[in-house]
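Reader: I'm new to reading protein models and I'd like to zoom in on one part instead of skimming the lot. Could you pick the spot where some helices pack together and walk me through it slowly?

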Amino acid sequence: MRILIVEDDRETVSNITAGLRANSTHIDNAMDGYTGLTMAGRAQYDLLIVDRMLPRLDGLSMVRELRNAGLEVPVLMVSALGEVDARVEGLEAGADDYLAKPFAMIELRARSAALSRRSHANDKATLLRIADLELNRVSHEVRRNGKLIDLQPREFRLLEYLMNHNGRVVTRSMLLEHVWEFHFDPQTSVIETHISRLRAKIDRGFHQELLHTVRGAGYCLRVSD
């Protein structure tokens, strides 16, 4: 299980880390809300433990931003504010659970385990992967073998559609309808042009070709045999 703790109090971070690592948990830490938001968008976590009062970006705002970006990772909000109104506000901001400080570690572990089980059922594949190619739907970053690849918005949408159909042939008509939102097949070379540009960016200079043209059928993103 991979957890991100967004908390600026080092003693609290140390205590939570010690309590959760007994369950073979990998834990990362962000000391402010802005950094937490960035880290949550760049990696796949099973759970976020977010303090409500944070520097740079408070916990409520951070969680709202995550939800607005479509990130569905479970969030456990912790806070010294334990009144009913405060808990309701946290839940309405997008947190899945709310735990008032001070809390017992056994309760934190139980709530964390319960929430993390939801992450697989609710996962919307924020990070798409094929071989060493990665596409992050939240940060809109594409990397291959760790190298950042600069894509134009339409190229990003094209790659996202191809990665969602990993290993399957997608036709020209499918791309026109779902990437360009054309519901007919005009005489245009727009797809061929964008496929050529995308192939140059994600395949050129790498040892393995991922984007394939299937003659007479369409295109397929897959690992070569």
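Author: What follows is a walk around helix 3 and its neighbours, with a few other spots for comparison. Keep in mind that this is a predicted model.

Let's get our bearings before zooming in. The protein has 225 residues, and 43% of them are buried. Its secondary structure comes to eight helices and 11 strands. If you follow just the C-alpha trace, the protein spans about 65 × 35 × 30 Å along its principal axes. About 11,800 Å² of surface is exposed, with carbon and sulfur atoms supplying 47% of that. Also, take the contacts with a separation of 6 or more: 55% of them join residues 24 or more positions apart.

Now for the close look. How do you describe two helices that pack together? You give the angle between their axes and the distance between the axes. For helix 2 (residues 33–42) and helix 3 (residues 59–68), the angle is about 25 degrees and the axes are 9 Å apart. Angles under 35 degrees count as roughly parallel, and therefore helix 2 and helix 3 are roughly parallel to each other. There's a handedness to it too: helix 2 passes helix 3 in a right-handed crossing.

Which residues make the contact between them? On the helix 2 side you'll find Gly33, Gly36, Leu37 and Ala40, and on the helix 3 side Met62, Glu65 and Leu66. Sorted by class, the contact of helix 2 with helix 3 has four nonpolar residues, two polar ones and one charged one.

Just ahead of helix 3, have a look at the loop that runs from strand 3 to helix 3, where Leu57 lies. Setting aside neighbours within four places in sequence, Leu57 is in contact with Gly33, Tyr34, Leu37 and Met62. You've met some of these names already: Gly33 and Leu37 take part in the contact from helix 2, and Met62 takes part from helix 3. Leu57 and Tyr34 are a nice pair to find on screen: they are 23 residues apart in sequence, but their C-alpha atoms are 5.4 Å apart in space.

Arg56 sits in that loop between strand 3 (47–51) and helix 3 as well. What is odd about its phi? Arg56 has a positive phi of about 70 degrees although it is not a glycine. Is Arg56 buried or exposed? Its relative accessibility is 63%, so Arg56 counts as exposed.

Helix 3 has another partner, helix 4 (residues 84–93). The axes of these two come within 8 Å and cross at roughly 25 degrees, which means helix 3 is roughly parallel to helix 4. Here Leu60, Val63, Arg64 and Arg67 of helix 3 meet Glu89, Gly90 and Ala93 of helix 4. By class, that contact has three nonpolar, one polar and three charged residues. So put the two lists for helix 3 next to each other: Met62, Glu65 and Leu66 meet helix 2, while Leu60, Val63, Arg64 and Arg67 meet helix 4.

Want a contrast? Try helix 6 (residues 153–164) and helix 8 (residues 190–202), whose axes come within 10 Å and cross at roughly 80 degrees. That makes helix 6 roughly perpendicular to helix 8. From helix 6, Arg154, Glu155, Leu158, Leu159 and Leu162 meet His194, Ile195, Arg197, Leu198, Lys201 and Ile202 of helix 8. Those residues divide into six nonpolar, one polar and four charged.

Let's finish with a few loop residues. Asp46 is in the loop between helix 2 and strand 3. With a relative accessible area of 16%, Asp46 is buried. The C-alpha atoms of Asp46 and Ser116 are separated by 5.2 Å, though the two residues are 70 apart along the chain.

His140 also has a positive phi, near 60 degrees, without being a glycine. Look for His140 in the loop between strand 7 (133–136) and strand 8 (141–144). With a relative accessible area of 54%, His140 is exposed. Last stop: the peptide bond from Lys101 to Pro102 is cis, with omega near -5 degrees. Pro102 belongs to the loop between strand 5 (97–100) and helix 5 (105–122).

Definitions and conventions: Residues are numbered from 1 along each chain as its sequence is written. This is a predicted model: local features need pLDDT of at least 70, side-chain atom pairs count only at pLDDT 80 or more; totals for chains, interfaces and linings use all residues. Side-chain values use heavy atoms; hydrogens and water are left out. Axes are lines fitted to C-alpha atoms, for helices over the stretch in contact, and angles run from 0 to 180 degrees between N-to-C directions. Helices (H or I, at least four residues) and strands (E, at least two) are DSSP runs, numbered from the N terminus. Angles under 35 degrees count as roughly parallel, over 145 as roughly antiparallel, 65 to 115 as roughly perpendicular and the rest as oblique. A crossing is left-handed if the near helix is turned anticlockwise from the far one by less than a right angle, and right-handed if clockwise. Contact means heavy atoms within 4.5 Å. Ala, Val, Leu, Ile, Met, Phe, Trp, Tyr, Cys and Pro count as nonpolar, Asp, Glu, Lys and Arg as charged, and the others, Gly among them, as polar. Buried means under 20% relative accessible area, exposed over 50%, partly exposed in between (1.4 Å probe, protein chains only). Accessible areas come from the Shrake-Rupley method with a 1.4 Å probe; for residues, only the protein chains shown count as cover.
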